[in-house]
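Me: I am new to this structure and would enjoy a guided look. Could you pick one residue, look closely at it, and then work outwards from there?

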Amino acid sequence: MNNAIQKLLIIASLLVVVLAALNEAKVFTKCDLAKELGKNGISRTFFGNWICLANAESGMDTAKVTQLPNLSASYGIFQINSKEWCRAGRKGGKCNMKCEDFLDDIITNDIECVKKIQMQYGFNGWSVWVKKCKGKDLPNISNCNI
């Protein structure tokens, strides 16, 4: 199969995934995301970093898919990449997850995977965090009812 057909098939399959996920997608508020982070064992100390990351990566939209030039894609609220962490269409990667499972409004599995990424690379595992969050004012959640 030539490269152009391969790319077209990947884009078409991503569109199907995105359209299917739209029914279950959610755009989180910072307070809703903070609640979910707390429920899933993330220390409150790091809420600002996680919220900044999610906002910078996806606009806190669980349905976001970003196709990358290397033919991998990043999925969900934290933009978890298919090259290393998940596999499109089947379980796999270091998180042993289907990438499409990161596109719904239940982000427990997303958080479990990003904990692995964060343990291996810290927040530096996301170049967007380095550019938009590191050393910057982080979101204030003091008014959130957590």
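Reply: Let's start with Ala34, which is buried because its relative accessible area is 0% (buried means under 20%, exposed over 50% and partly exposed in between, using a 1.4 Å probe and protein chains only). Ala34 sits in helix α2, which covers residues 30-39. Helices (H or I, at least four residues) and strands (E, at least two) are DSSP runs, numbered from the N terminus.

Before we go on, a word about the model. It is predicted, so local features here need pLDDT of at least 70 and side-chain atom pairs count only at pLDDT 80 or more, while totals for chains, interfaces and linings use all residues. Residues are numbered from 1 along each chain as its sequence is written, and side-chain values use heavy atoms, leaving out hydrogens and water.

Now follow Ala34 to a partner further along. Trp50 comes 16 residues away in sequence, and the C-alpha atoms of Ala34 and Trp50 are 8.5 Å apart in space. Trp50 also belongs to an aromatic cluster, together with Phe46, Phe78, Phe123, Trp126 and Trp129. For aromatic pairs, the rings of Phe, Tyr and Trp (its six-membered ring) must have centres within 6.5 Å; planes under 30 degrees apart count as stacked, over 60 as edge-to-face and the rest as tilted.

Seven aromatic pairs are found in the structure. One of them joins Trp85 and Tyr121: with ring centres 6.2 Å apart and planes at 85°, the pair counts as edge-to-face. It ties together distant parts of the chain, because Trp85 belongs to the loop between β3 and α4, Tyr121 belongs to helix α4, and 36 residues separate them. The surroundings of the two partners can be read from their accessibility. Trp85 is buried, at a relative accessible area of 5%, whereas Tyr121 is partly exposed, at 38%.

Trp85 has another neighbour to find on screen. Lys94 lies over the face of the Trp85 ring, 5.2 Å from the ring centre. The rule here is that NZ of Lys or CZ of Arg must be within 6 Å of the ring centre and within 35 degrees of the ring normal. A second arrangement of this kind involves Lys26, whose charged end sits over the ring of Phe28 at 4.5 Å from its centre.

Stepping back, how does the helix that holds Ala34 fit into the whole? The chain contains five helices and three strands. Along the sequence they come in the pattern α-α-α-β-β-β-α-α. Of its 146 residues, 39% are buried, and Ala34, at 0% relative accessibility, is among the buried residues.

The three strands make an open sheet in the order β1-β2-β3, with antiparallel pairing; two strands pair if DSSP finds at least two bridges between them. At the edges are β1 (65-67) and β3, each pairing on one side only. Between β1 and β2, the latter spanning residues 73-75, there are three bridges in the antiparallel sense. To see one of them, look for Thr66 and its bridge partner in β2, Ser74.

Thr66 leads us across to Ile80, a residue of strand β3. These two are 14 residues apart in sequence, and their C-alpha atoms are 9.7 Å apart in space. Ile80 is buried, with a relative accessibility of 1%.

The loops have something to show as well. In the loop between β1 and β2 you will find Leu71, which has a positive phi of about 70° although it is not a glycine. Leu71 is partly exposed, at 37% relative accessible area. Asn96 likewise has a positive phi, about 50° in its case, without being a glycine. Its place is in the loop between β3 and α4, and with 46% relative accessibility Asn96 is partly exposed.

Finally, move to the segment after α5, where Ile141 is located. Ile141 is buried, at 9% relative accessibility. Try locating Arg44 as well: Ile141 and Arg44 are 97 residues apart in sequence, yet their C-alpha atoms are 9.8 Å apart in space.
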